[in-house]
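I opened this notebook to write down what I looked up, residue by residue and element by element. The entries follow the order in which I went through the model.

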Amino acid sequence: MESVRLPYSQLEIQSSIPVIAGIWTLSDCYLSRTGEIIASTLNSPENVQESLKKSGPIRCAVLDNSNTHLATLADDKRLKVWKLDGLELLHERELPKRPTSAVFTVDGQTIVVADKFGDVFSYPLHPPPADSAAAPESDGSKLTALHVSEGAAPVEDSSTNTALETVEPEPSAEPSKKKRKSKKQKRHENPPTPRNSLASHVPTSNGTLVLGHTSLLTSFLLTPDGKYIVTADRDEHIRVSWFPQGFCIESFCLGHTQFVSAIHIPSAHPDALISGGGDAELKIWDWFSGKHKFDILILDSVKPYIKVKPKPYKRFASADPTERQSSQIEEINETEAVESARPESEEQLAVQKIRTLSEFILFTVTGGTALFAVAYPDGKSSAQPSVHALDFGKPVLDFTVDLDDLIWVSIDFNWSTEGNVVPEGKAIQVAKLSVDGQLANVSSTSSPVLDALNEKCLVEGSTEQLASLNFYSALTSLPKNTGEFDAEEEESGNATGTGIPKNIKTNTRKQPQGPGGGKKEQGKLRTQKAVAEKLGGQKNVDKGSAVVTKEEDEEEPNPKRLKSEDPATHEDVDVQMLDR
Amino acid sequence: MAKRKRATEPPPAQDEAQNLLPQKRFYRQRAHANPFSDHTLDYPKSPQHMDWHAHYPEAAAGKRPEFADIGCGFGGLSITLAPLFPDSLILGMEIRVQVSQYVQDRITALRTANMGNPTAHYQNVSIVRANAMKFLPNYFEKGSLSALFFLFPDPHFKARKHKARIISPTLLAEYAYVLRPGGIVYTITDVKDLHDWMRTHLENFPLFEPVSEEELRADGKGEIVDAVYTSTEEGKKVERNKGEKWLACFRRIDVPRI
């Protein structure tokens, strides 16, 4: 077991005070302008380090506006809040589901957390003292009356969670060590909630439900004035809701045809929202009205730099521990089957992060080795702006812009196409944006902070730890598998079906269809023929047959659907279906 | 091959209509479909991309549905309401393939058999195969509906399935979004637990206030309430089994900004 140096999963630079926070997996630290490490969790007391180790790699770390507090999220269901000064761990709280990202409100007194299930909860900065735990938050949501309430004491075990989740006990933290509990024992330890329980989307730790999507929440933000919350999900939705009254939806920004994975409100254009995901273009919206303003084509410019290919998801337990940990889709929605939508050789676009700098949009893509810049559309020229790329050779993990307009980029310097560890190049590089949108690598200009980040601050870890980081899971988990085998639903010979995909697989369990379709088909066809005949005698066949079979006008109506109304071609349709 | 007739012989005109109507036994499908899966569904990118004309070819251009029947099953409610509101468009939404196909065939047959009828023309009712839990905002613009129906929804008895229930604190925000203020949510079920669940969640949701059956009848919505009670297959099954039905209706309201 050789040791490797771990890359920085996230980078935050706050140079309004002479501090720079550099955050990476398993621990975080912050430096001063002179490159001295002011504080690091590597020097924290034993119990803090234990807690960090138990929680796993830090997936998200956010600072409040005043740089007083830091909130971190890891792979477990805990929200840790730290005082930046001295990196003191203040408290930990239990979350109902595994979190994806968090944001501080403008005043820094509330932390808003989104989870993989699709819910957004808000928590007071500090949990109330344990004995007044019963007093719920009153953010306009009367739902707190439904709580099967939870103590808010920090750093406690999850066994007190009496909410619905306990019916399916979560796998314990170290499954390899404990013997699998028998079903009976599990039921005894976690009795099922009574049938008439009136709770759903139950918060924990005095959290308040803000809103929820029926889909995996990929990213969210609060508008600069803190009055609205914008949430994006895997089902192509971007939703704008009031904050804190998240139950009131102001608008939807609809138009993406693939998952949305990154959103950003540029400070220079606070009415606008830039969004990106699996689509070939970035989209710009007037977020308040939901109106789509611009598309910026990026796929062709970005594709050559996407070097990481999505790993096909194995539905059943795989021997590879990294896959099990990284997928963790079972936990989110046990019935949501996610399989790789493409064969392994194709690149998957997933916009990772979007920021703006002067009149340019900066963005990165998951598994891409470059930082990209494209001009923010001014609405005058109709030509597509060109996308400039700065290649770093290895995948970019994160980037951030400091107050001097320098762009700090974190690189996965261990990555190699073969999949083994080949450390090469720096962990952090710095780029500069010119007035015409070109990006230049200025890492050679020495700076004590840069040197420290590239040497002193790097943490050593094992190859297993490196593998567990799995930075590119979004490439597998976000795309939808529309060619999925839908066991309960699709039947061959579904001649007039709505929404029948062209790549439908037949359900092997059902009876094989005889010639001319099975009994069901014949029964359906009989009445359909009768209708068509009646229509043929009274009206134009075109008009009658077009009714209720078209779903949307995006493409030409499937000719099969129209033909099915015409009795003469019925036999042909059946035979075609059989051949699949 | 003699055609098997039912005990009471239907009159000849109706007999013709019976030949056109689809028979349920050819559209059998299991009752449950997982709303969280990535079904192979068609849905519009946005409400502006939805071609309503394909569903309601006789309707005026730009007209949109006002009533939506969520989980419409075999279409009983929508089809009963259609002749009562000939100038309003009604849309049924059903996630199951076979069942939505049945309703589609049924509507086509009814339209064919009733051409020229001034009220019961069935040109104002249609169905989409859709996942209403995920994609309701893709179909309907903000405040475009005046009524939402949740008739005999799947109770999802097990606690771990509660999240799949059609009424939840998170989904209510979307229902409130597509309903205009003053619009009504109609819920009915024969499962007392589910009735309590739905009623409690709706009562606790700031954008809905309860409205009694008396109020609705006084407001001229008596026909709708009657249809909610009796027009669905599920409702008729409950009656056959001498079960009880619980109605809970709510009005969409506005709240001030905090």
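The entries below go from chain A as a whole to its core and loops, and then to chain B.

**Entry 1, chain A overall.** I note at the outset that I am working from a predicted model. For chain A I looked up the secondary structure, which comes to 12 helices and 30 strands. Of the 580 residues in chain A, 46% are buried. I also looked at how contacts spread along the sequence: among those in chain A between residues at least 6 apart, 53% join residues at least 24 apart.

**Entry 2, the core.** Which residues have the most contacts inside the largest nonpolar core? I found Ile361(A), Leu371(A), Val409(A) and Leu148(B) listed there, in a core of 186 residues. This core draws at least three residues from each of domain 1 (324-483) and domain 2 (485-580) of chain A. As background I wrote down that nonpolar side chains tend to be buried together in soluble globular proteins.

I then followed one of these residues, Leu371(A), to its contacts. Leaving out residues up to four places away in sequence, Leu371(A) touches Leu362(A), Thr364(A), Leu390(A), Val396(A), Phe399(A), Ile407(A), Val409(A), Ala431(A) and Leu439(A).

**Entry 3, Thr369(A).** I looked next at Thr369(A), which sits in the loop between strand 23 (360-365) and strand 24 (370-375) of chain A. Is this loop residue, Thr369(A), buried or exposed? It counts as buried, because 22 C-beta neighbours lie inside 10 Å and the cut-off for a buried residue is 20 or more. Beyond residues up to four places away in sequence, Thr369(A) touches Tyr305(A), Lys307(A), Asp391(A), Phe392(A), Gly393(A), Lys394(A), Pro395(A) and Val396(A). I also checked Thr369(A) against Lys426(A): they are 57 residues apart along the chain, and their C-alpha atoms are separated by 13 Å.

**Entry 4, backbone geometry in chain A.** I looked up the peptide bond joining Phe243(A) and Pro244(A), which is cis, with omega about 5 degrees. Pro244(A) belongs to the loop between strand 16 (238-242) and strand 17 (249-252) of chain A.

Asn206(A) caught my attention for its phi, which is positive at about 60 degrees although the residue is not a glycine. Asn206(A) lies in the loop between helix 2 (183-189) and strand 13 (208-212) of chain A, and with 24 C-beta neighbours inside 10 Å it counts as buried.

**Entry 5, His156(B).** Turning to chain B, I noted that His156(B), a residue other than glycine, has a positive phi near 45 degrees. I placed His156(B) in the loop between strand 4 (145-151) and helix 6 of chain B. His156(B) is partly exposed, with 17 other C-beta atoms within 10 Å.

**Entry 6, a helix pair in chain B.** At what angle do helix 5 (residues 132-139) of chain B and helix 6 (residues 171-178) of chain B pack? The angle is about 25 degrees, and the axes are 10 Å apart. Helix 5 of chain B is therefore roughly parallel to helix 6 of chain B, since angles under 35 degrees count as roughly parallel. The residues making this contact are Met133(B), Leu136(B) and Pro137(B) of helix 5 of chain B, and Leu171(B), Glu174(B), Tyr177(B) and Val178(B) of helix 6 of chain B. I recorded the crossing of helix 5 of chain B and helix 6 of chain B as left-handed.

**Entry 7, three more residues of chain B.** Thr189(B) is found in strand 5 (residues 179-189) of chain B and is buried, with 27 other C-beta atoms within 10 Å. Not counting residues up to four places away in sequence, Thr189(B) touches Phe152(B), Pro153(B), Leu194(B), His195(B) and Trp246(B). Against Arg64(B), 125 residues away along the chain, I noted a C-alpha separation of 28 Å for Thr189(B).

Arg111(B) lies in helix 4 of chain B and is buried, with 25 other C-beta atoms within 10 Å. Arg111(B) and His121(B) are 10 residues apart in sequence and 5.8 Å apart in space, C-alpha to C-alpha.

Pro118(B) lies in the loop between helix 4 (97-113) and strand 3 (125-129) of chain B. I logged Pro118(B) as exposed because it has 7 C-beta neighbours inside 10 Å, where 12 or fewer counts as exposed.

Terms used
Residues numbered from 1 in each chain as written. Chains lettered and ligands numbered in written order. Predicted model: local features only at pLDDT ≥ 70, side-chain atom pairs only at ≥ 80, totals over all residues. Core = buried A, V, L, I, M, F, W, Y, C linked by C-beta atoms within 7 Å. Domains from an automatic or database assignment. Contact = placed C-beta atoms within 7 Å. Axes fitted to C-alpha atoms, helices over the stretch in contact; angles between N-to-C directions. Helix = DSSP H or I, 4+ residues; strand = E, 2+ residues; numbered from the N terminus. Parallel < 35°, antiparallel > 145°, perpendicular 65-115°, else oblique. Left-handed = near helix turned anticlockwise from the far one by under 90°.
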